[in-house]
Amino acid sequence: MYKITFYLLFVFGLSLAVSPADYAGTESMTFLLHNQVEPRIAALGGVVCGWGKTPSAVLVNPASIASNSIEGVSLSYGNYWEFFNAFSAVVSKRVSDASKRFVVAGLDGISYGEFDRMDENGNKIGTFSAGDFGIFAGYAQRISKVVSAGVSTRLLFSSLDTFSASAFVLGAGVYARFRRKKSEVGVSIRNIGIPLSKYCEDELSINPLISIGGSTRLTGFSGSVGGQVNISKSRGIKVGSVGLEPAIGFEFEPAKYFKVRFGYKLRPAPEDANIITNGLSFGIGVTAKKFSFDYALGFYGDLGVVNIFSLKYWGI
């Protein structure tokens, strides 16, 4: 059964990977479409499709919520490159005490700060702000002892001075958890949708993104390792007509209730950038009864660093 399930997931992921269509225009609302404001995910290099242990995993692979029986509230804050401030708030809950079904709801956003408004002569006449905001929901259900499936939906809004844009996107995924072998694997597709409104007449697009990932417990060691690859038309290392974003993450538990995390995501970098540190991430997690605190530090080459914090309450 395990081999059959794994094979089906692999074929499903491969079929998606080789069949993305061509998309025209510039992708809109890029930050919220490709980043989760959640420190565990960030510390592990973004590896979450087959390693979903947090409510925010619904944005990448909603099926992970049911496979890992995630019930809790997560509040996160992130400071990006000292300029941008982002947040997320997510709640995940089992439908009933004995149910295999789970529902998730949340919101996230980022503020790009204030900018000077100039007249035609270059004189400052005021300021304006810019930011993105999202509202999302998800549903996941176990369909067997091993496999779960889930879907998500999201409304995105973007503002720039007096201009605004909005979009509607969908996501879906499957997740398999092999308890005896202590391994997990997931396949998802997200950002399926269209802009509802746009800043101007220039064409915008929402480019679908496919994720394939997995994780496993390390034998004889208190820790796990996971990997993931994102496949899209608009991001990552170009391979033929698609872009690939491979990532790897490690999580160790040197002491009870304390976890240390490392991750690395391979991403394009300017020639003068430090390729070793660009894409590197680190984090910790501390648990006290039903509460947990997580922190992540990520390196983005010449752009600087990212700091993300979260507080979670489990077992609602």
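**Pockets, cavities and the setting of F168**

The lining of the second largest pocket comprises 15 charged, 10 polar and 7 nonpolar residues. In this predicted model, the pocket in question, the second largest, holds about 640 Å³ of space. Its lining is made up of 32 residues, among which R40, K53, R217, E251 and K259 are the closest to the centre.

Turning to enclosed space, 2 cavities of 30 Å³ or more are found. The largest cavity has a volume of about 70 Å³. Strands β6 (147–160), β7 and β8 (183–197) each contribute at least two residues to the lining of this cavity. The lining residues of the largest cavity are V58, L59, F136, S152, T153, R154, V169, L170, G171, R190 and N191; by class, 5 are nonpolar, 4 polar and 2 charged.

The second largest cavity encloses about 40 Å³. Around this space lie S67, R142, S144, K145, V146, V147, S148, R177 and R179, a lining with 4 charged, 3 polar and 2 nonpolar residues.

A look at one residue of β7 rounds off the picture. F168 belongs to strand β7, which spans residues 163–178. Because its relative accessibility is 33%, between the 20% and 50% limits, F168 is classed as partly exposed. Leaving aside residues up to four places away in sequence, F168 is in contact with T153, R154, L155, I192, G193, I194 and L196. Of these contacts, T153 and R154 also appear in the lining of the largest cavity. Along the chain, F168 and S197 are 29 residues apart, and their C-alpha atoms are separated by 9.9 Å.

Conventions: Residues numbered from 1 in each chain as written. Predicted model: local features only at pLDDT ≥ 70, side-chain atom pairs only at ≥ 80, totals over all residues. Heavy atoms only, no water. 1 Å grid on protein atoms, 1.4 Å probe; cavity = no way out; pocket = protein on both sides within 12 Å on 5 of 7 lines; lining within 4 Å. Points joined across faces, edges and corners; volume = space filled by probe spheres on them. Nonpolar A, V, L, I, M, F, W, Y, C, P; charged D, E, K, R; others polar. Helix = DSSP H or I, 4+ residues; strand = E, 2+ residues; numbered from the N terminus. Buried < 20%, exposed > 50% of the residue type's maximum accessible area, 1.4 Å probe, protein only. Contact = heavy atoms within 4.5 Å.
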